[in-house]
Every structure is written in structure tokens, then in C-alpha cells.
Amino acid sequence: MPKIALTGYGRLAAKRSTEGPVELALFYYTLLMLLVSILVAAVCLSSYLVSRKKTMLFLSIAFAFYFFDISLVFQDEFIVRSSGDALTSGYLVVRSLASVLTGGGFITAFWVLLCDYLDETRRAMFAVPPAVFAIASVATLVVLPDGDVQRFWFWSIRQFYMYWILLYAGYSFLRQKDEAERARMWRHRGLYAAAWVLGLVVLAEDAASFLVMDLPSVDLGLIAFSAERSYAENLLMLVIGVAAVRNAVRMLSLRFERPPAQGGSKHQEQQIVENLNVFATRHKLSQREREVLYLILLGKDNQNIASEMSLALSTVKVHVHNILKKTGDASRQELIQNFWKMS
């Protein structure tokens with residue numbers, strides 16, 4: 001039976017032996033990860049369509065890429081069983097490049113999410129990290145000789161990409177002077193710590209599998225379902241997925257509790273109503289302040305707002321002042337820009 005060193009998603013393939021129950025468990029474990037990935041992607045996409053919050057869109061893209069990243073293991077099985085032969089070197093090259101695309105895809109989605117969260121506007125910051133990841137990944141396939149060392153570095157580049165994201169997030173927190181922004185970032189400390197711990201475990205798992213126990217080289221038997229590439233990576237994605245779904249459900253619940261006003265004919269007005277609840281809840285605006293903010297977003301000045309709401313002009317000015325204070329914006333224009341940016 002020929003041996004083949006897989007450079008794809010799988011670590012262990014089932015052999016023609018007495019390990020059938022274990023292999024079956026690994027098969028359903030892989031199916032579970034596929035199901036979780038596509039469900040998280042769907043829930044986040046639904047939340048984005050309702051709230052237009054770009055964070056949800058980036059999370060949906062990340063888990064969609066991760067779904068395809070896991071699916072590559074089934075592609076290997078299909079090719080082997082349909083042809084009856086071992087995977088060819090040409091296929092493995094294409095397979096590895098596909099892993100660069102899917103792996104880079106879901107990690108880059110997290111990077112873009114962080115840049116958007118931190119209001120990063122420099123184009124180089126968006127483009128350089130994914131470009132470096134892709135070049136470094138391909139370089140390991142071209143420069144390093146085929147073997148366990150090559151595969152270790154090939155997969156470890158993913159972890160270095162994740163470490164870059166975590167380091168940049170930590171650096172941004174430390175240099176942040178605004179107390180409100182620091183408090184907003186501090187709320188994610190649990191997820192941040194979990195990402196660091198599990199990310200380091202993934203690297204240790206890579207070292208143990210490729211450099212110590214030589215697990216990537218396996219026999220492909222009649223049944224050849226692979227285990228996950230990294231259980232720690234799976235756990236990390238599950239932790240992120242739970243946090244993402246909880247946030248998405250919260251926004252969907254807000255949408256249910258405060259449905260858009262009826263009768264709006266303009267698309268922009270409808271978008272304002274749909275996004276206003278999330279924005280107002282985030283900044284702890286009162287019901288009256290929400291109503292004033294809605295009119296501000298429609299472009300009305302204080303006098304028009306006072307007339308439409310039957311309030312004294314001085315009262316409207318107080319509401320506007322309180323809104324700007326709670327949101328941390330310096331002007332009405334900045335408030336409007338940040339509303340659409342964060343929604």
C-alpha cells in the first residue's frame with residue numbers, strides 16, 4: 001500500500017484496519033464542523049441584511065471560507081475513491097494552493113473585520129498582510145523540500161497570520177487614549193485571551209504532528225475519511241462562532257422588538273430605521289434621543305426638529321448635545337458619518 005503525505009486539511013486518514021468506529025466518529029465530527037460553519041455564516045449574513053453592520057458580513061465571509069476549508073477533506077476522499085489511486089503530485093499542488101485560498105480567506109476576513117472595527121483607513125493595512133500570507137505560503141511549497149518540515153511551515157504560516165491580528169489588536173488597545181473606545185475593546189478581552197491560548201495550542205499541535213509524531217504520512221485504505229486538520233483550530237472557530245451567533249441573535253432580537261416604522265417610502269429612511277435601534281442601544285440613547293437622532297439622520301436642523309416634535313428649540317439643543325456626548329462625536333456631520341460607518 002503506497003503512502004502519501006497529505007498537505008491538505010486532514011491529519012489522519014482511516015486505514016484498512018479495525019478502527020472503523022473511530023473513523024466513523026471522525027467522519028461525523030467533520031460533518032458537524034461543516035454544519036456549524038455554514039450555520040454561523042448564514043446567521044451572521046441574516047444579521048447583516050437586517051442591521052447592515054459590516055462586522056456581521058465579515059464574520060459570514062470568514063465562516064463561509066472555513067466551510068470550504070473543511071470541505072477539502074471530502075474532496076480528497078472523493079478523488080481517491082473515484083480513481084482508486086493515490087493522490088498525484090499535481091493534485092497535491094493544486095490542493096495546497098486551494099488551502100492557501102480557503103485558509104487565507106477566512107483569516108483575512110477576520111483581519112478586515114478588525115481594521116473596520118478600529119476604523120483603519122490605510123489601504124496598505126488591508127492589503128499587505130493577506131499578500132504576505134499568500135506569498136509566504138506559496139514560498140514554502142516552492143523553496144522547501146517536500147517533507148514534514150515543509151508541511152509544518154506551510155500550516156504554521158496560518159498561525160503567524162492569526163498572531164499578527166492578535167498583536168495588532170493588542171497594540172491598538174494599548175495606544176488607545178479614548179476611555180470609551182478602550183472600554184469598548186476591553187469587553188472582548190475573553191475572546192481575545194481564548195484566541196491567544198488556542199492559537200498557541202494550534203502551533204504546538206502542528207509541531208507535534210509534523211515534527212515529532214510524523215502523523216501527516218498515512219495509508220489510504222478503502223475508507224479514507226480524514227480527521228480535522230487541527231482540533232484546537234476547530235475549537236477556536238467554535239468559540240468565535242458562538243460569540244458571533246450570540247451577537248447576531250441580539251441584533252435580530254432588537255430588530256424584532258423595534259420593527260421599522262410603517263409607511264416609509266424612501267430606501268434611505270428604511271435603512272435608518274433598521275440600523276437605528278442597534279446604534280442607539282449601543283450608545284444607551286433614550287427613546288426621545290432616538291427620535292431626535294432619526295430626524296438628524298434625515299438631515300433636519302434643530303428648528304425643524306423642534307417643530308416636528310412639538311418641542312422647544314432649547315430642548316432639542318439639549319437632546320442633540322446629549323446624543324453627541326454619548327456617541328463621542330464632535331459634530332452632527334461626524335455623528336451621521338459614524339452612524340453609517342458602524343451600522
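In the predicted model, Glu 308 is partly exposed, with a relative accessible area of 49%. The side chain of Glu 308 takes part in a salt bridge with Lys 300, in which the closest N and O atoms are 3.6 Å apart. Lys 300 also counts as partly exposed, at 26% relative accessibility.

The structure holds 9 salt bridges in total. One of them joins Asp 116 to Lys 54, with 3.1 Å between the closest N and O atoms. Because Asp 116 belongs to helix H3 and Lys 54 to helix H2, this pair ties together parts of the chain that are 62 residues apart in sequence. Asp 116 has a relative accessible area of 19% and is therefore buried, the limit for that class being under 20%. Lys 54, at 31%, is partly exposed. A salt bridge is also found between the side chains of Arg 151 and Asp 148, at 3.6 Å from N to O. These two residues are 3 residues apart in helix H5, a separation of about one helical turn. Arg 151 counts as buried, with a relative accessibility of 3%. In addition, a network of salt bridges links Asp 69, Arg 158 and Glu 233.

The overall composition was examined next. The protein comprises 343 residues, of which 45% are buried, and contains 13 helices and 2 strands. About 17,500 Å² of surface is exposed, and carbon and sulfur atoms supply 66% of this area. Among contacts between residues at least 6 apart in sequence, 76% join residues at least 24 apart.

Nonpolar residues form separate cores. The largest nonpolar core has 44 residues, and the members that touch the most others are Leu 59, Phe 110, Trp 111 and Ile 165. Two or more residues of this core are given by each of H1, helix H2 (54-83), H3, helix H4 (123-143), H5, helix H7 (189-212) and H8. H5 provides the largest share, with 10 residues. When residues up to four places away in sequence are not counted, Phe 110 touches Leu 59, Ala 62, Ile 165, Met 237 and Ile 240. A second core, separate from this one, consists of 19 residues, including Val 292, Val 316, Ile 323 and Leu 324.

Aromatic side chains were considered last. A pair of aromatic rings is described by the distance of the centres and the angle of the planes. The count comes to 16 aromatic pairs. In one of these, the ring centres of Tyr 29 and Tyr 231 are 5.5 Å apart and the planes stand at 55 degrees, so the pair is tilted. This pair links distant parts of the chain, since Tyr 29 lies in helix H1 (residues 20-51) and Tyr 231 in helix H8 (residues 231-257), 202 residues apart. Tyr 29 is partly exposed at 25% relative accessibility, and Tyr 231 is partly exposed at 37%. The rings of Trp 111 and Trp 164 also form a tilted pair, with centres 5.6 Å apart and planes at 50 degrees. Trp 111 is in helix H3 (residues 89-117) and Trp 164 in helix H5 (residues 148-175), so parts 53 residues apart in sequence are tied together. Trp 111 is buried, with a relative accessible area of 0%, whereas Trp 164 is partly exposed at 35%. One aromatic cluster is formed by Phe 152, Trp 153, Phe 160, Tyr 163 and Trp 196. Finally, the charged end of Arg 182 sits over the ring of Phe 173, at 4.4 Å from the ring centre.

Definitions and conventions: Residues are numbered from 1 along each chain as its sequence is written. This is a predicted model: local features need pLDDT of at least 70, side-chain atom pairs count only at pLDDT 80 or more; totals for chains, interfaces and linings use all residues. Side-chain values use heavy atoms; hydrogens and water are left out. Rings of Phe, Tyr and Trp (its six-membered ring) pair if their centres lie within 6.5 Å; planes under 30 degrees apart count as stacked, over 60 as edge-to-face and the rest as tilted. Helices (H or I, at least four residues) and strands (E, at least two) are DSSP runs, numbered from the N terminus. Buried means under 20% relative accessible area, exposed over 50%, partly exposed in between (1.4 Å probe, protein chains only). A charge sits over a ring if NZ of Lys or CZ of Arg is within 6 Å of the ring centre and within 35 degrees of the ring normal. A nonpolar core is a set of buried Ala, Val, Leu, Ile, Met, Phe, Trp, Tyr and Cys residues joined through side-chain atoms within 4.5 Å. Contact means heavy atoms within 4.5 Å. Accessible areas come from the Shrake-Rupley method with a 1.4 Å probe; for residues, only the protein chains shown count as cover. A salt bridge is a side-chain nitrogen of Lys or Arg within 4 Å of a carboxyl oxygen of Asp or Glu.
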